[in-house]
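Let's take a walk through this fold together, starting with a pocket and working outward from there. Have the model open and turn it as you read.

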Amino acid sequence: MKKSKLLVIAIILFVSCVKNNKDIIKTANTAENYHMESLPPDLTYKVIEDKSDDVLEKNQIVVELSRKISVGQIATLADKFYKSKPEQRRFYIFYLLPGMKNGETISWATSHFDPELEIKVLGSTAEEENSLEVLSTIKGKIVGKWHEEAYTSMNYVIYLNKNKVYLMTFLGDSKGKSEQMTSKKIGRTTRYDYKDKSHFGEYFIINSKEELEFYNGGGENFTKGVVIK
């Protein structure tokens, strides 16, 4: 009789432990370990690819964002997507920005539940893009400022100094690198080439929208920088 009672108690304890463990796992699958922030009202986003697979016990989506957001806002969005689909053992979420092509460039950021949420920003953050204190070191007249994300995650500044034109590249508050350029007007646009010819024929064009277009040595426009205001 005593053995039967002990067996019943053991079973109850085992079931209780299993239930508690499931609760712990479920809690780990939320975004609560991050400080979730409200999404900005001007943000738009859409799922452009869904490779979820019940057999593999995973959800996997690619999301296109209209602009960069903070890590806390990524956590909010990740939690929203996590709760929108049937629960699986893993949930992989990849984020792209405008101009980034799925499968051709690395994601700007990821928020993977495996099983706990881990957020990684692979490109530059919004804070790094908007931090332009390095501009105070520029002596001369600034022609324009741009940020390019898909290939370099860098800031670009074209400026004039003593009748010479320069291109400065930098990330965040890091020290900028300046190189002398040549410029040529082409209709409503301006083309800029490296003066030392050491960049395999790459050049830039400021188009009619004031965007900075990037061209390779073959004349192919492969990306563009958006204006930093």
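By class, how many nonpolar, polar and charged residues does the lining of the second largest pocket have? Keep in mind as we go that this is a predicted model. The lining has eight nonpolar, three polar and three charged residues. The pocket holds about 230 Å³ of space. It is lined by 14 residues, and those closest to the centre are Thr152, Tyr156, Tyr194, Glu202 and Phe204. As for the secondary structure around it, β7, β9, β11 (203–206) and β12 (212–215) each bring at least two residues to the lining.

Those strands lead us straight to the barrel. Eight strands close up in the order β6-β7-β8-β9-β10-β11-β12-β13, with antiparallel pairing. On average, neighbouring strands here are turned by 30° against each other, if you ignore direction. In general, strands of a sheet pair through backbone hydrogen bonds, and they can do so parallel or antiparallel.

Let's follow a few of the barrel strands, beginning with β7 (residues 154–161). This strand pairs with β8 in the antiparallel sense, over seven bridges. Tyr156, which we just met among the residues closest to the pocket centre, has Thr169 in β8 as its bridge partner. Now look to the other side of β8, where five bridges join it to β9 (residues 177–186), again antiparallel. Thr169 turns up here too, with Lys177 in β9 as its bridge partner. So how buried is β8 (residues 164–170)? Six of its seven residues are buried, so the strand is largely enclosed by the rest of the structure. Further round the barrel, β11 and β12 run antiparallel and are joined by four bridges. Along that pairing, Ile206 sits opposite Leu212 in β12.

Back to the β7–β8 hairpin for a moment, as the turn deserves a look. Two residues lie between the strands, and Lys162 takes a positive phi near 55° there. Asn163, also in the loop between β7 and β8, has a positive phi as well, near 65°. What makes that worth a second glance is that most residues other than glycine have a negative phi. Are these two loop residues, Lys162 and Asn163, buried or exposed? Lys162 has a relative accessible area of 73%, so it counts as exposed. Asn163 is exposed as well, because its relative accessible area is 84%.

Now leave the barrel for the other sheet. Five strands make up an open sheet in the order β1-β2-β3-β4-β5, and this time the pairing is mixed. At the edges are β1 (45–50) and β5 (117–121), each of which pairs on one side only. From one strand to the next, the twist averages 20°. Helix α2 (residues 71–84) packs on this sheet and touches β1, β2 (58–65), β3 (90–96), β4 and β5. The direction of α2 makes about 130° with that of β3.

At the β5 edge, strand β4 (residues 109–113) runs antiparallel to β5, and five bridges join the two. One of the pairs to find is His112, whose bridge partner in β5 is Glu118. The loop between β4 and β5 holds Pro115, and the peptide bond from Asp114 to Pro115 is cis, with omega near -10°. For context, most peptide bonds are trans.

One more proline is worth finding. Pro40 sits in the loop between α1 (2–28) and β1. Which residues is Pro40 in contact with, once its neighbours within four places in sequence are left aside? They are Arg67, Ile69 and Gln73. The C-alpha atom of Pro40 is 9.8 Å from that of Ser70, although the two residues are 30 apart along the chain. Pro40 has a relative accessible area of 11%, so this loop residue counts as buried.

Finally, step back to the chain as a whole. The protein chain has three helices and 13 strands. Of its 229 residues, 40% count as buried. Among contacts between residues at least 6 apart in sequence, 43% join residues at least 24 apart.

Definitions and conventions:
Residues are numbered from 1 along each chain as its sequence is written. This is a predicted model: local features need pLDDT of at least 70, side-chain atom pairs count only at pLDDT 80 or more; totals for chains, interfaces and linings use all residues. Side-chain values use heavy atoms; hydrogens and water are left out. Two strands pair if DSSP finds at least two bridges between them. Axes are lines fitted to C-alpha atoms, for helices over the stretch in contact, and angles run from 0 to 180 degrees between N-to-C directions. Contact means heavy atoms within 4.5 Å. Buried means under 20% relative accessible area, exposed over 50%, partly exposed in between (1.4 Å probe, protein chains only). On a 1 Å grid over the protein atoms alone, a cavity is a set of points where a 1.4 Å probe fits but cannot get out, and a pocket is an open set with protein on both sides within 12 Å along at least five of seven lines; lining residues have an atom within 4 Å of a point. Grid points are joined across faces, edges and corners, and a volume is the space filled by probe spheres set on the points. Ala, Val, Leu, Ile, Met, Phe, Trp, Tyr, Cys and Pro count as nonpolar, Asp, Glu, Lys and Arg as charged, and the others, Gly among them, as polar.
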